[in-house]
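Student: I'm meeting this structure for the first time. Could you choose one part, look at it closely with me, and show how it fits into the rest?

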Amino acid sequence: LSFGIITDLHYMDVEDGSNYAGTKTRRFRQSLSILKNASQYFSSNQTNFNIMLGDILDGKAKSLGIHHDCLDTVLDVCTQQRWYYTLGNHEYYNFTREELEDKLIPRTVSHRPSKSCLYHEFVPMEGFRCLVLDGYDVSTIGASTVQHQQSAEALICQKNHNYAAGRSNWFDGLAEENHRYVPFNGGVSEKQVEWLRSRLEFASSVGDKCIIFSHMPLFVEASKEQNIIWNCERVLSELHAAPHGTVLACISGHDHDGGYAVDSRGIHHIVPPSPIECDDGEVSFGHLTVKHDYSLQLSWVGKLPPAKMWPDILPSPVHE
C-alpha cells in the first residue's frame with residue numbers, strides 16, 4: 001500500500017499575505033503550484049490513493065467571495081487520481097457541512113452512520129482500512145448538531161478564561177494544558193468514538209490493519225497543545241484498546257510546522273509541514289509505503305519539521 005500526503009494548502013487566488021499573528025508569510029498561489037507538483041509526484045510513484053489533510057482553502061476566501069471558485073480550482077488538479085480529504089477548521093469557515101459532504105466526501109466511502117456524519121471509512125486495498133475522523137463534530141464552527149455546538153461553547157468558556165471574557169488573545173496567562181480549548185479546534189462526539197471502536201473491532205476480527213486520518217493531531221508529543229483535538233486522550237484510549245498492531249499510524253495536519261512521535265503502543269503519529277508557509281520555491285509533500293512486515297517507509301520532498309524529525313523507516317507496531 002502506498003499513498004500520497006499533503007496538508008494545509010490554504011489556497012486562495014490572491015497575493016501573498018501572512019498568518020493571523022503576522023509572523024509568517026503565506027504564499028497562497030504558490031500552494032496551488034505545490035499541489036500540482038505533488039500530483040505529478042504521486043502519479044509517477046503510482047500511489048494507491050492520496051490524502052489531503054484539511055484546510056484546503058484559507059478561511060478568508062469566503063469573505064472575498066472566491067471560495068467556490070478556489071475549491072473548484074483545487075479539485076480540478078485532483079480529478080485524475082483517487083483522492084480523499086479530512087475536514088479542517090478552514091473548511092468550516094468557508095462551507096456548510098452539507099456543502100462539504102457534497103464536495104469532499106467521495107460516494108465510495110462506507111460506514112457513515114448518517115448523512116450528517118462526516119467521519120467515514122474507506123478500503124484502499126484488501127487488508128487495509130482507513131478511518132477518517134471529523135474533529136469538528138463537537139465545535140463552535142462546524143458542529144454536527146446544535147447540542148454539540150452548545151456543549152463546545154460551554155467547554156471553551158470553562159477551560160479558557162480569555163475566551164469566556166471575550167478577549168482576543170486566547171492564550172494570555174492560560175495554562176499550557178488548556179491551550180487546546182480554542183475555537184479553531186474541536187472534539188469528537190461519543191457517537192463518533194463508539195463508531196471508531198466498532199470499526200477497529202471489525203478490522204481486528206478480519207485481520208485488517210488501520211490508518212487513522214484527522215485534521216488535528218491526536219498525540220501532543222507529535223505537535224503542540226494548541227493544535228490537538230480536545231478529547232484526544234479519549235480517542236487514543238480506543239486506539240490503544242484495539243489488539244496490538246491493529247493501528248499502524250495516525251496522520252494529521254493543522255500544525256503547520258509539522259512533527260512526529262511514536263506512542264506507548266507503537267503507533268506512529270505523523271504531522272507533515274504545511275505548504276502554505278514554505279519559502280519561495282520550496283515544497284512539502286510525500287508518500288508513505290506500508291511494507292510487507294507493516295513497517296512504514298516515509299518518502300518526503302522539501303520542507304521537514306524543525307525539531308521532531310521522522311525517520312525514513314518507521315518500525316512496525318505489529319512486531320514491537
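Tutor: Happy to! Let's start with the whole chain: among the contacts in the protein with a separation of 6 or more, residues 24 or more positions apart account for 68%, where contact means heavy atoms within 4.5 Å. Please keep in mind that this is a predicted model, in which local features need pLDDT of at least 70 and side-chain atom pairs count only at pLDDT 80 or more, while totals for chains, interfaces and linings use all residues. Residues are numbered from 1 along each chain as its sequence is written, and side-chain values use heavy atoms, with hydrogens and water left out.

The protein has nine helices and 14 strands; these are DSSP runs numbered from the N terminus, with helices being H or I of at least four residues and strands being E of at least two. Its radius of gyration is 18 Å, close to the 20 Å that the globule rule gives for 320 residues, so the protein is as compact as a globular protein of that length. That radius is taken over C-alpha atoms, and the globule rule is 2.2 Å times the number of residues to the power 0.38. The C-alpha trace spans about 50 × 40 × 40 Å along its principal axes. Of the 320 residues, 58% are buried. Here buried means under 20% relative accessible area, exposed means over 50%, and partly exposed lies in between, using a 1.4 Å probe and protein chains only.

Now for the part I'd like to look at closely, the open sheet. Six strands form this sheet, in the order 6-7-8-9-11-10, with mixed pairing. Two strands pair if DSSP finds at least two bridges between them. Strand 6 (120–122) and strand 10 (259–262) are the edge strands, each pairing on one side only. From one strand to the next, the twist averages 15°.

Let's step inside the sheet. Strand 7 (residues 128–132) runs parallel to strand 8 (residues 209–214), and five bridges join the two. One residue to find there is Cys-130, whose bridge partner in strand 8 is Ile-211. Helix 8 (residues 190–206) packs on this sheet, touching strand 6, strand 7, strand 8 and strand 9 (247–252), and its direction makes about 175° with that of strand 7. Such axes are lines fitted to C-alpha atoms, for helices over the stretch in contact, and the angles run from 0 to 180 degrees between N-to-C directions.

Just ahead of that helix you can find Ser-189, in the loop between helix 7 (161–164) and helix 8. Ser-189 counts as buried, at 7% relative accessibility. Setting aside neighbours within four places in sequence, Ser-189 is in contact with Asp-137, Val-138 and His-148.

At the other end of the strand order, strand 10 pairs with strand 11 (residues 268–271) in the antiparallel sense, over four bridges. Gly-259 stands opposite Val-271 in strand 11. The two strands form a hairpin with five residues between them, and in the turn Gly-266 has a positive phi of about 80°.

Back to Cys-130 for a moment: is it buried or exposed? Cys-130 counts as buried, at 0% relative accessibility. A disulfide, taken here as a pair of cysteine sulfur atoms within 2.5 Å, is a covalent bond between the sulfur atoms of two cysteines. By that rule, the count of disulfides is zero. Cys-70 is in none, since the nearest cysteine sulfur, that of Cys-78, is 14 Å away. For Cys-130, the closest cysteine sulfur is in Cys-210, 8.3 Å away and too far for a bond.

Cys-70 takes us to helix 3 (residues 67–77), where the buried residues are His-67, Cys-70, Leu-71, Val-74, Leu-75 and Val-77. They cover an arc of only 150° around the axis, which puts them on the same side of helix 3; the arc is that of the directions from the helix axis to the C-beta atoms. Asp-69 and Asp-76 are exposed on the other side of helix 3. Covering its buried residues are several elements, including helix 1 (28–44), strand 4 (49–52) and strand 5 (83–85).
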